[in-house]
Amino acid sequence: MTKSSFKRIDGRKSNELRPITAKVGIIPNADGSALFAFGNTIAIAAVYGPRQLHPQHKQNPTKAFLRCNYDLMSFSVSERKKPGPNRRAQEISKVTEWALAPVLDLDSFPGTVIDVQIYILQADAGTRTAGINAASMALAHAGIPMKDLVCSVAAGKQDKELIVDLTKEEEDFKEGEGATDFAIAKVANSDEYTLLQLDGKIQPNIVSDVLELVNGACKEIYEAQKKALKEVVKK
Ligand code: ADP
């Protein structure tokens, strides 16, 4: 198939994101909050802290503890999903912490905790990446010192074609070479990647092409995040 004749299931181009929605300040009682959506995948994030961590023995005297909690709401998917935490949510919470920590100045807040609550209100794949984008904006909104924003998106393959921001239907596409879901997060203005989580197969020689595709997508995500944050500053 030639590049020009390639069509995704929903008609997008291979490097085209779903429509982005980015808003900041959606939860007044939180120290920082944001909503980030890729099409039908909607994530909200609320930040509380830095505040003193209890119980005291969990405190780190040298830096703040970043505690992320990702939860996919049971009403976010059409299939039956038991409410509450599960192993998948625990794993996503952990990788989200790892994706965000490198941009945060945690050393300035010893003994404290920064809680980041991420809720997926509607899921159509890419929820961990939408959650990271929302959390990054919410942390900035909370005024936590950050060296940069983190931008995140998943890449994958449909047959041999590399594509970004997969829908659930694309993620489940198993013809040809099979489904590939490669969730990636990067520090916006550097080549530092803070999440590289591959589910499926990708040939090592095309990883650089994947990163190039994701870098382009992350530029768009960064612009949307910045625009939403600036709108709050203006008010
Ligand atoms: P991500 O959402 O980051 O792509 P996964 O690959 O684990 O993470 O999940 C892919 C998609 O599968 C989700 O976005 C959601 O649409 C769907 N999904 C995940 N968990 C469930 C569940 N328990 N019930 C129904 N659908 C789910």
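Here a biologist and a modeller talk through a predicted model and the words used to describe it.

Biologist: Let's start with the two helices. What makes H1 and H2 oblique to each other?

Modeller: Helix H1 (residues 87-100) and helix H2 (residues 127-141) pack at an angle of about 45°, and their axes are 10 Å apart. Angles under 35 degrees count as roughly parallel, and 65 to 115 as roughly perpendicular. The angle of about 45° fits neither class, so H1 and H2 are called oblique. Their crossing is right-handed.

Biologist: Which residues make the contact between H1 and H2?

Modeller: From H1 come Arg88, Glu91, Ile92, Thr96, Ala99 and Leu100, while H2 brings Thr127, Arg128, Ile132, Ala135, Ser136 and Leu139. By class, that makes six nonpolar, three polar and three charged residues.

Biologist: Thr127 is on that list. How do you know whether Thr127 is buried or exposed?

Modeller: Buried means under 20% relative accessible area. Thr127 has 5%, so it counts as buried. Leaving aside neighbours within four places in sequence, Thr127 is in contact with Thr41, Tyr70, Leu72, Arg88 and Ile120. Arg88 is also one of the H1 residues in the helix contact.

Biologist: Now to the aromatic rings. How many aromatic pairs does a search of the whole structure find?

Modeller: The search finds one.

Biologist: Why is the pair of Phe36 and Phe38 called edge-to-face?

Modeller: Two values settle that. The ring centres are 5.0 Å apart, and a pair needs them within 6.5 Å. The planes of Phe36 and Phe38 stand at 80°, and over 60 degrees counts as edge-to-face, so the name follows. Phe36 is buried, with a relative accessible area of 0%, and Phe38 is buried with 0% too.

Biologist: Phe38 makes me think of Asp165. Where does Asp165 sit, and what is it in contact with?

Modeller: Asp165 is in the loop between strand S7 (161-164) and helix H3 (168-171). Beyond its neighbours within four places in sequence, Asp165 is in contact with Arg8, Arg12, Leu17, Arg18, Phe38, Val153, Ala154 and Glu170.

Biologist: How do you know that Asp165 is buried?

Modeller: Its relative accessible area is 2%, and the cut-off is under 20%, so Asp165 is buried.

Biologist: What makes the phi of Asp165 worth a remark?

Modeller: Phi of Asp165 is near 55°, a positive value in a residue other than glycine. Most residues other than glycine have a negative phi. Ala125 also has a positive phi, about 70°, although it is not a glycine. Ala125 lies in the loop between strand S5 (112-122) and H2. At 9% relative accessibility, Ala125 is under 20%, so it counts as buried.

Biologist: And which peptide bonds are cis?

Modeller: One joins Gly49 and Pro50, with omega about 5°, and another joins His54 and Pro55, with omega about -5°. Most peptide bonds are trans. Pro50 is found in strand S3 (residues 41-52), whereas Pro55 lies in the loop between S3 and strand S4 (65-72).

Biologist: One last residue: why is Gly156 called buried?

Modeller: Gly156 has a relative accessible area of 0%, which is under 20%, so it is buried. Gly156 lies in strand S6 (residues 150-158). Leaving aside neighbours within four places in sequence, Gly156 is in contact with Glu161, Leu162, Ile163, Leu166 and Thr180.

Technical notes
Residues are numbered from 1 along each chain as its sequence is written. This is a predicted model: local features need pLDDT of at least 70, side-chain atom pairs count only at pLDDT 80 or more; totals for chains, interfaces and linings use all residues. Side-chain values use heavy atoms; hydrogens and water are left out. Helices (H or I, at least four residues) and strands (E, at least two) are DSSP runs, numbered from the N terminus. Buried means under 20% relative accessible area, exposed over 50%, partly exposed in between (1.4 Å probe, protein chains only). Contact means heavy atoms within 4.5 Å. Axes are lines fitted to C-alpha atoms, for helices over the stretch in contact, and angles run from 0 to 180 degrees between N-to-C directions. Angles under 35 degrees count as roughly parallel, over 145 as roughly antiparallel, 65 to 115 as roughly perpendicular and the rest as oblique. A crossing is left-handed if the near helix is turned anticlockwise from the far one by less than a right angle, and right-handed if clockwise. Ala, Val, Leu, Ile, Met, Phe, Trp, Tyr, Cys and Pro count as nonpolar, Asp, Glu, Lys and Arg as charged, and the others, Gly among them, as polar. Rings of Phe, Tyr and Trp (its six-membered ring) pair if their centres lie within 6.5 Å; planes under 30 degrees apart count as stacked, over 60 as edge-to-face and the rest as tilted.
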